[in-house]
Amino acid sequence: MPVSASPLAAGRRHSVARRPDGAVVAVGGTAAGECRVGRWRGVLAVAAGNVHAARNTGRSHTVGLRADGTVLATGWNGDGQCEVSGWEGVTAVAAGWRRTLGLLANGRVLAAGRGTEGQCDVRSWREVVALSCGDWHSVGVRSDGSALAVGNDRRGQCAVEEWRDLRAVSAGTLHTVGLRSDGRVVATGDPGSGACEVSGWEDVAALDAGSHHTVAVTAAGRVLAAGDNSHGQCDVRGWRDIVAVAAGAAHTLGLRADGTVLVTGNDADGQCRTGAWSGVHAA
């Protein structure tokens, strides 16, 4: 069982979900083949390559972690980010812009794809239990609750060395957020979008960083959001009975306890057309 078996993933222009039977569904942009998941089976977790919304971006990829520890990938492969067919013994996956990370059972991390900014320099990482990809940086959590980060740090998004008592972490374009064991959230990076305004959040069970926004679900099933709301991606105040969330470039997904999916935000490529989805479950 992966450390973090995410049933939802949101990318730049697409959304992905894993059903309990291991099948995967996807909607949204298909220019790079990122939604070609119809034949996937035995999948435990999904990840979607995300990137900030800009006219010169958009191509993405999708990653699936199988129950046997192997990894599937489809979509844009310009930097080899989909070359994961030889990976084995993987317990969790993360996808960013032009790269894929895989967490092994022994706490080491695999990487495929672009490493120009140092975001794939994870070979020395040890005792990792959770990981995440931003646009140009990668972050992880060690078994002792401390954090690791590599890659572009021009807005302080990699300044996580003082973080302690973490159980999860998530990376956006220029920010990073971490979930502490006490349900509080810490953040670092560019303050401009407001995505780091999470210091008052409490009782958080899970979180995810979008390009310029952050979302979280509380133990009571409510959803919190901070940051850029130019497409309504933070309009989640009325959501209830949520058990998992995923944040994309400019849209947000929420999985309800009954297996249905709520969505808000940019739908320019059909990434919010999840109305036909049902039977999606977090475990």
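This passage describes the fold of a predicted model, beginning with the whole chain and then turning to three of its parts.

The protein chain contains zero helices and 21 strands. Along its principal axes, the C-alpha trace spans about 45 × 45 × 35 Å. Of the 283 residues in the chain, 59% are buried. When contacts with a separation of 6 or more are considered, 43% of them are accounted for by residues that lie 24 or more positions apart in the sequence.

Strand β20, which covers residues 251–256, takes part in two pairings, one with β19 and one with β21. Strand β19, formed by residues 242–247, pairs with β20 in the antiparallel sense over five bridges, and the two strands form a hairpin with three residues between them. On the other pairing, β20 and strand β21, the latter formed by residues 261–265, are likewise antiparallel and joined over five bridges; here the hairpin has four residues between its strands, and G259 in the turn has a positive phi of about 90°. The residue L253 of β20 illustrates both pairings, since A246 stands opposite L253 on one hand, while V263 in β21 is the bridge partner of L253 on the other. Five of the six residues of β20 are buried, and the strand is therefore largely enclosed by the rest of the structure.

The largest nonpolar core has 13 residues, and among these V63, L65, V71, W87, V90 and V93 touch the most other members. Two or more residues are given to this core by each of the elements β4 (43–48), β5 (61–66) and β7 (90–96), and β7 gives the most, with three residues. The surroundings of V63 can be listed in detail: when residues up to four places away in sequence are not counted, V63 touches W40, A45, V46, A47, V71, L72, A73, V93, A95 and T100.

A charged residue, R18, provides a further point of detail. R18 is located in strand β2, which comprises residues 14–18. Although R18 is buried, it has no salt bridge. The nearest side chain of opposite charge is that of D21, at 7.6 Å from R18, whereas a salt bridge would require the relevant atoms to lie within 4 Å. The side chain of R18 does, however, reach the backbone oxygen of L44, at 2.6 Å.

How values were computed
Residues numbered from 1 in each chain as written. Predicted model: local features only at pLDDT ≥ 70, side-chain atom pairs only at ≥ 80, totals over all residues. Heavy atoms only, no water. Buried < 20%, exposed > 50% of the residue type's maximum accessible area, 1.4 Å probe, protein only. Pairing = 2+ DSSP bridges. Lys, Arg positive; Asp, Glu negative; His and termini not counted. Polar contact = N/O pair within 3.5 Å; in protein donor to acceptor, adjacent residues only side chain to side chain. Core = buried A, V, L, I, M, F, W, Y, C linked by side-chain atoms within 4.5 Å. Contact = heavy atoms within 4.5 Å.
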